[in-house]
Amino acid sequence: MDLQFLGTSAGVPTKARNVSATAVIEASGRRWYLVDCGEGTQHRLLHSPLSLRDLSGIFITHVHGDHCFGLPGLLASAGVSGRSEPLDLVLPAALHEWLRLSLTASDSYLPFELRLHALEGFCGWRNAVLQVETVQLSHRVPSVGYMFSELNPEPRLDIPRLEADGVARGPLWGELARGQNVVHEGRTLQAADYLRASRPPRRVIVCGDNDRPELLAEVARDVDVLVHEATFTEPVVARSGLTWGHSTAAQVARFAEMAGVRNLVLTHFSARYPSLESIAQEARAHYRGNLTLARDLQRYHLDRDGCLVAAQT
């Protein structure tokens, strides 16, 4: 899987950084998923290779505007672009009527089915290649992180099982390898029963706003990449005495080191930091793993060694 950051600023945009939006891209490189959709997300997409026709799901972490105000415009543009496939959208129930009213009042017509799912009753989502689950976080309002887990990555034929079931090498093997069910000796063989993953599945967590990273303790040990906000540094919080429901870089870094997170990506930086060097220094003082400070429009690739690296653009 790849990640591309469409917005890394907290609360308000800056000249260099837009507000929250993160694309999770399948290993195939085509279909992708959007976590949060701050205002201006569709403008950021114009500077990326990502197409709204290939968007397979949108997942909103909480109700704050810097994480959702871009939804009406992005959906309207998806319709204008010719999208026709249904689109799943997971978001807090409180935003459902707001979104419907925004589209109705602006006379926006969507030529595709918009499937709204309430975050409060969300029990997970999956398609043929990915499963999405949530982890509860702590913020001024209810907030979650989304865990993306690959299903049966890079499947290959289970030849021993084919031979055991008496399916001779030939055209049927090719159809099964392409994921097509086939009929053999009067019975239907399900392709999924004869395909096995050729590598371990990758897992990525993209978090909403959160002031208690330790809530991720049970799931973070098994993930390849943790994307977490680092809105402030500790000196800023010490002066104000307030976190406004956010984490500091040191707080997240200490947790990631304790949990053994291999790849930590920090994002959602306060606009008070024109340079992120102080955030980087604070995090590196507590975390020895592979640290990345997300940059708008930068795409990151999880390589075969499990290391997250900046992709060539």
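Leaving aside its neighbours within four places in sequence, with which residues is Val12 in contact? In this predicted model, the partners of Val12 are Val19 and Ala271. Val12 sits in the loop between β2 (9-10) and β3. The residue is partly exposed, at 46% relative accessibility. Val12 and Glu39 are 27 residues apart in sequence, yet their C-alpha atoms are 9.3 Å apart in space.

Ser270 belongs to strand β18. Its relative accessible area is 8%, so Ser270 is buried. Its contacts, neighbours within four places in sequence aside, are Ala10, Arg17, Thr231 and Phe232. Gly11 is 259 residues away from Ser270 in sequence, with a C-alpha to C-alpha distance of 7.3 Å.

The helices were examined next. Helix α3 spans residues 94-105, 12 residues in all. From first C-alpha to last, α3 reaches 18 Å, close to the 16 Å expected at 1.5 Å a residue. Leu95, His96, Leu99 and Leu103 are its buried residues. They lie on the same side of α3 because they cover an arc of only 110° around the axis. An α-helix has 3.6 residues a turn, so residues three or four places apart point the same way. The other side of α3 carries the exposed residues Ala94, Glu97, Leu101, Thr104 and Ala105. Cover for the buried residues of α3 comes from elements including α2 (71-80), β6 (87-91) and β7 (114-118).

Helix α2 in turn buries Leu71, Pro72, Leu74, Leu75, Ala78 and Gly79. The elements covering these buried residues include β4 (32-35), α1 (41-45), β5 (55-59), β6, α3 and β7. Thus α3 is among the elements that cover the buried residues of α2, and α2 is among those that cover the buried residues of α3. Gly82 follows α2 and has a positive phi, near 100°.

Helix α9 covers residues 277-284, of which Ile279, Ala280, Glu282 and Ala283 are buried. Seen down the axis of α9, these residues fall within an arc of 165°, so they line one face of the helix. Among the elements covering them are the helices α7 (234-240) and α8 (249-259). The strands β17 (263-267), β18 (269-270) and β19 (290-293) also contribute to this cover. β18 is the strand in which Ser270 is found.

Backbone angles were considered at two aspartates. Most residues other than glycine have a negative phi, and most peptide bonds are trans. Asp36 is not a glycine, yet its phi is positive, about 70°. Asp36 lies in the loop between β4 and α1. At 3% relative accessibility, Asp36 is buried. Asp107 also has a positive phi, about 55°, although it is not a glycine. Asp107 comes just after α3, in the loop between α3 and β7. Is Asp107 buried or exposed? Asp107 is exposed, with a relative accessible area of 70%.

Internal space was searched across the whole structure, and one cavity of 30 Å³ or more was found. The volume of the largest cavity is about 110 Å³. Its lining consists of 15 residues. Ser20, Thr22, Asp36, Cys207 and Thr267 lie nearest the centre of the largest cavity. Three strands, β3 (21-25), β15 (203-207) and β16 (225-229), each supply at least two residues of this lining. Asp36 therefore combines a place in the cavity lining with burial at 3% relative accessibility.

Cysteine pairing was also examined. A disulfide is a covalent bond between the sulfur atoms of two cysteines. With a cut-off of 2.5 Å between the sulfur atoms, the count is zero disulfides. Cys68 is in no disulfide, as the nearest cysteine sulfur, that of Cys37, is 8.5 Å away. Cys68 is buried, at 1% relative accessibility. Cys307 is likewise in no disulfide. For Cys307 the nearest cysteine sulfur is that of Cys207, 20 Å away. Cys307 is partly exposed, with a relative accessible area of 27%. Cys207 is one of the residues nearest the centre of the largest cavity.

Technical notes
Residues numbered from 1 in each chain as written. Predicted model: local features only at pLDDT ≥ 70, side-chain atom pairs only at ≥ 80, totals over all residues. Heavy atoms only, no water. Helix = DSSP H or I, 4+ residues; strand = E, 2+ residues; numbered from the N terminus. Expected span 1.5 Å × (residues − 1). Buried < 20%, exposed > 50% of the residue type's maximum accessible area, 1.4 Å probe, protein only. Arc of directions from axis to C-beta. Contact = heavy atoms within 4.5 Å. 1 Å grid on protein atoms, 1.4 Å probe; cavity = no way out; pocket = protein on both sides within 12 Å on 5 of 7 lines; lining within 4 Å. Points joined across faces, edges and corners; volume = space filled by probe spheres on them.
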